[in-house]
Amino acid sequence: MSRFSTWVGIALAGALSLSLAGCSSTGGKRAEDARAAAAARGGSAVDTPRWTFAMITHAGDGDTFWDIVQSGAEQAALKDNVRFLYSHDDEAQQQAQLVDAAVDKKVDGIIVTLAKPDAMKASLARAREAGIPVVTVNSGSAESEEFGALTHIGQDETIAGEAVGEELNERGREKALCVLHEQGNVGHEQRCDGVEKTFGGTVVRLHVNGTNMPDVQSAIEARLQSDAAVDAVVTLGAPYADTAVKAREGAGSDAEIDTFDLNAKVAAGLKDGSLGFAVDQQPYLQGYEAVDLLWLYRYNADVLGGGRPVLTGPQIITEDDAAALEDYTQRGTR
C-alpha cells in the first residue's frame, strides 16, 4: 500500500524483522478454517502443555485499539493451547502491580507494554528473577532489551512519526497540531518528535485529557478557532480521530484530520474523505505474534529478532486503501 515499503525499509535498517505468513486470501482462509475447527472441537492446533500467558497493557477503558490487540492474542492462544489472561490499567503503578500479580501466579510467560517504562522496571526484574520469559509489545522498544525481554513487537514510534511528517509534506501542509492524549507516554512524545523531524512546516503540541472525550473535542476546537493557520490535526489514537473531526466542524476549520492507528470508524472516515490518512501498526499482529513468540520460546527455545524489535509498521493508509481493509476493520482484526 501507499508508502508501506518505504517506511518499513527504513526501519529495517536498524532492526531485524520477520516474514509473516498468511498474507494471501488463500492462506488467510486456511488460518481462519484451522481456528474455526479448533474452536469447534474445543481444542487447539498443537499438543504442547497448556501454558499460561498473561498480557498486561497500559490501555484505558473503551480503547478499541487494545480490543484488537487482545483479539489477536486470544486467537493465537487458542491455536497454541495457551491459557490467556488479560488485564490492563492506564495508571503506571497499577499496571506494575498487575505484572507483580502475574509473577506471583507463576505464569509461564508475560506480555507487557512499556508506555511508562520507569514504573515497570522493578516488576520486570521480578519476572526475570522468577525465570518467567517476557515479550514487550507496542511501546517500549528502546527499553525492552535492557529490561530483560526476549524481544519487542511493534513499530518504532519515532520512525512512524517521521512517516507522518513526510506524508504531511506531500500533502502540502504547513502547520500541524499533534494531539497527545496520555500524559507521560513516551511513545506519544516520540511520535510527535518524529513528525517534527521530517515535517517542513510547524508542529504544535496539544496535551489533552484522553479519558474525557468532550474535553478533547473542546480543546481541539478552541485551538483551531484561535489559530487559523493550523491546516492539519494529527491524533495519536484511532478513537480520537472522530472527535477531532467534530472539533473541526465546530471550529469551522478546513484542517485535515489524520491519525495514528486504524479501526472501523477510521476506515469509514478515510473512505468518505473526512480523514486524510492513518498510520497502521497492525495491533492484531502485535497480540498474535506476542503469544506465538512466547509459545515458540517455551516449546523450542526460539527467539525472533535477535534482540532487535520485530516490526509491525508503520503503514500509511489512505482513501485508496480503505476499501480493501474495510471488512477486516469491521470484524475487529485491523
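Here is a short chat about one strand and one pocket of a predicted model.

Residues are numbered from 1 along each chain as its sequence is written. In this predicted model local features need pLDDT of at least 70 and side-chain atom pairs count only at pLDDT 80 or more, while totals for chains, interfaces and linings use all residues, and side-chain values use heavy atoms, without hydrogens and water.

Colleague: Is strand E1 enclosed or open, and why?
Modeller: E1 is a DSSP run (E, at least two residues; helices are H or I, at least four), numbered from the N terminus. Buried means under 20% relative accessible area with a 1.4 Å probe, protein chains only. Thr52, Ala54 and Ile56 on one side and Phe53, Met55 and Thr57 on the other are all buried. Six of the six residues of E1 are buried, so the strand is largely enclosed by the rest of the structure.

Colleague: Which residue in E2 stands opposite Ala54?
Modeller: Strands pair if DSSP finds at least two bridges between them. E1 and E2 (residues 83-88) pair in the parallel sense over six bridges. Opposite Ala54 in that partner strand is Leu85.

Colleague: And which residue in E3 stands opposite Ile56?
Modeller: E3 (residues 109-112) also pairs with E1 in the parallel sense, over four bridges. There, Ile56 faces Val112.

Colleague: How many residues of the lining of the second largest pocket are charged?
Modeller: A pocket is an open set of 1 Å grid points over the protein atoms alone, with protein on both sides within 12 Å along at least five of seven lines, and lining residues have an atom within 4 Å of a point. This one is lined by 33 residues. Asp, Glu, Lys and Arg count as charged. Beside nine nonpolar and 15 polar residues, the charged ones number nine.

Note on methods. Buried means under 20% relative accessible area, exposed over 50%, partly exposed in between (1.4 Å probe, protein chains only). On a 1 Å grid over the protein atoms alone, a cavity is a set of points where a 1.4 Å probe fits but cannot get out, and a pocket is an open set with protein on both sides within 12 Å along at least five of seven lines; lining residues have an atom within 4 Å of a point.
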